[in-house]
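Here are my notes on this one, in the order I'd go through them with the structure open. Shout if anything doesn't match what you see on screen.

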Amino acid sequence: HNHPQASFLPQVVSFALLGKSVFAARFPTAIVSALGIIIFYLMIRTLFNPRVSFFATVLFATSHLWVALSRLALNNTQIVPFGLLTIWLLVLSIRTGKLRYFSLLGGTSAMMFYLYAGFRVFPVIVTLILLLQLLLSAHRKRLAIGILLAVATFFLIGLPQLLFFAHNQRAFTDRTENIFILGNSGEARQWRENNYRGEGTASILVSQAKKTFFLWQTHNTSG
């Protein structure tokens, strides 16, 4: 699927230590999932209070979809702990203004390019939030310094992978072309023909948004 090779490293290490088995394939996902629950608790506690964070974490950890995903040998679940860590560091950076959090934020955002492809949207979200905060903040100078530090750390850590993508653009876009519902690949066009023949872009996006909502609310995708 043109995911960076580092996204498969946990399974490689698990196979090397535990042998080639179903347990070894699933074990890294269990570890990553447990890590995601811990980070989720810490992030919610930063935003609210211990009581809210406790009950929110219980709901998250026992949700049927998360329990199901945490038992599968997939690298998709990598997006949860590292995505939550990025959001947590973003909150800490804005709230405290401490440069070490900005540095960690930039480094974590860069590491995403070495892991699961779905991470690539996070730096865009982080950038937009920081720019908005810069416009609204009364301490723009301090925030601007932090943002510059985050950008510098991002490029310092992410430069090798970014250079690879610059010289191999298909490796960066191929995943999106294959799975994006509005992509131009033969698979995407065939999917639209089978499921949304004659419907426009807006209709497709609305329908998919509804299915995504029901995916998290029920045990099926509601068609």
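**Pockets, cavity and helix packing**

1. Let's start with the second largest pocket. In this predicted model, its lining consists of 13 residues, and Pro123, Val126, Thr127, Leu130 and Val151 are the ones nearest the centre. Three helices each give two or more residues to that lining: α6 (99–111), α7 (122–136) and α8 (140–167).

2. How much space is in the second largest pocket? About 220 Å³. If you're thinking about probes or grids, note the make-up of the walls: 10 nonpolar residues, 3 polar ones and no charged residues.

3. Now for enclosed space. Searching the whole structure turns up 1 cavity of 30 Å³ or more. The volume of the largest cavity is about 50 Å³.

4. Which residues line the largest cavity? Pro10, Gln11, Pro28, Thr29, Val32, Leu74, Asn75, Thr77 and Gln78 do. Two elements, α1 and α2, give two or more residues to this lining, with α2 supplying the largest share at 3 residues. Sorted by class, the lining of the largest cavity has 4 nonpolar and 5 polar residues, and again none that are charged.

5. The two helices from point 4 also pack against each other. Helix α1 (residues 9–18) and helix α2 (residues 22–47) have axes that come within 8 Å and cross at roughly 135°. That angle is why α1 counts as oblique to α2. As for handedness, α1 passes α2 in a right-handed crossing.

6. There's another helix pair to look at, and one of its members, α6, also helps line the second largest pocket. Helix α5 (residues 79–96) packs on α6 at an angle of about 155°, and their axes are 8 Å apart. The cut-off for roughly antiparallel is over 145 degrees, so α5 and α6 are roughly antiparallel to each other. Here the crossing of α5 past α6 is left-handed.

7. Last, a word on confidence before you set anything up. Mean pLDDT for the chain is 84, and 92% of the residues reach 70 or more. Where in the chain is confidence lowest, and where is it highest? The low end is helix α9 (residues 169–179), with a mean of 70, while the high end is helix α3 (residues 50–61), at 93. Predicted coordinates shouldn't be read in detail where pLDDT is low.

Note on methods
Residues numbered from 1 in each chain as written. Predicted model: local features only at pLDDT ≥ 70, side-chain atom pairs only at ≥ 80, totals over all residues. Heavy atoms only, no water. 1 Å grid on protein atoms, 1.4 Å probe; cavity = no way out; pocket = protein on both sides within 12 Å on 5 of 7 lines; lining within 4 Å. Points joined across faces, edges and corners; volume = space filled by probe spheres on them. Helix = DSSP H or I, 4+ residues; strand = E, 2+ residues; numbered from the N terminus. Nonpolar A, V, L, I, M, F, W, Y, C, P; charged D, E, K, R; others polar. pLDDT = per-residue confidence, 0-100. Axes fitted to C-alpha atoms, helices over the stretch in contact; angles between N-to-C directions. Parallel < 35°, antiparallel > 145°, perpendicular 65-115°, else oblique. Left-handed = near helix turned anticlockwise from the far one by under 90°.
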